[in-house]
Amino acid sequence: MHPPTGYALPDGQCLKLCKSLYELRQSSALFFENLEHWMLNYGFKLIGPDCIMFRLDCGQEKLIISLYVNDSVCASNSDDLYRTFLADISKQYTLSDSERLSFSSWGRH
């Protein structure tokens, strides 16, 4: 990397990258670290050893999210909790809600 155009970097000094850039090797790890911090502050608990599943308990209402790279699946027994969560996380991150999944004992339908 080079300093921004017009910026003179004194000898023996370097620049510190404060934000990760798209497609840098560490970008996905830094994004997940940021997202994990947000989820834990929101009240989620990590589930399991892989650190990709989060659970939020609000009394009888539950929300479980599984994350993989840039995809996620969310399951909840409360539409209100789900909508509130989506509204809150959308303030911090850009989301796309591609489809609603439904399952039966025979699989997806």
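Phe 31, Phe 32, Trp 38, Tyr 42, Phe 44, Phe 54, Phe 85 and Tyr 93 come together in one aromatic cluster. Keep in mind as you look around that this is a predicted model. The chain has 109 residues, and its secondary structure amounts to two helices and six strands. Here is a short tour, starting with the overall layout and then moving to the rings and a patch on the surface.

**Overall layout**

- Following the sequence, you meet the elements in the order α-β-β-β-β-α-β-β.
- Helix H1 covers 27-42, strand S1 covers 45-47, and helix H2 spans residues 79-90.
- Buried residues make up 16% of the 109 in the chain.
- Take the contacts between residues at least 6 apart in sequence: 19% of them join residues at least 24 apart.
- The exposed area of the chain is about 9200 Å², and 54% of that comes from carbon and sulfur atoms.

**Aromatic pairs around Phe 44**

- How many aromatic pairs does a search of the whole structure find? The search returns nine.
- One of these is the pair of Tyr 42 and Phe 44, which is stacked, with 6.0 Å from centre to centre and 25 degrees between the planes.
- Is Phe 44 buried or exposed? Phe 44 is buried, because its relative accessible area is 1%, under the 20% cut-off.
- Its stacking partner Tyr 42 has 25% relative accessibility, so Tyr 42 counts as partly exposed.
- Phe 44 also pairs with Phe 85, this time edge-to-face, at 5.4 Å centre to centre and with 70 degrees between the planes.
- Which parts of the chain does the pair of Phe 44 and Phe 85 link? Phe 44 sits in the loop between H1 and strand S1, while Phe 85 belongs to helix H2, and the two are 41 residues apart, so the pair links distant parts of the chain.
- Both Phe 44 and Phe 85 are buried.
- Tyr 42, Phe 44 and Phe 85 are among the members of the aromatic cluster that opened this briefing.

**A nonpolar patch on the surface**

- Tyr 7, Leu 9 and Leu 15 make up a nonpolar surface patch, and together they have about 270 Å² of accessible area.
- Where is Tyr 7 found? Tyr 7 lies in the segment before helix H1.
- Tyr 7 has a relative accessibility of 46%, which means that it counts as partly exposed.
- That value also clears the bar for patch residues, because these need over 30% relative accessible area.

Definitions and conventions
Residues numbered from 1 in each chain as written. Predicted model: local features only at pLDDT ≥ 70, side-chain atom pairs only at ≥ 80, totals over all residues. Heavy atoms only, no water. Patch = residues over 30% accessible without salt bridge, like charges linked within 9 Å, V, L, I, M, F, W, Y side chains within 5 Å. Areas by Shrake-Rupley, 256 points an atom, 1.4 Å probe, with all protein chains shown as cover. Salt bridge = Lys/Arg side-chain N within 4 Å of Asp/Glu carboxyl O. Helix = DSSP H or I, 4+ residues; strand = E, 2+ residues; numbered from the N terminus. Buried < 20%, exposed > 50% of the residue type's maximum accessible area, 1.4 Å probe, protein only. Phe/Tyr/Trp six-rings, centres within 6.5 Å; stacked < 30°, edge-to-face > 60°. Contact = heavy atoms within 4.5 Å.
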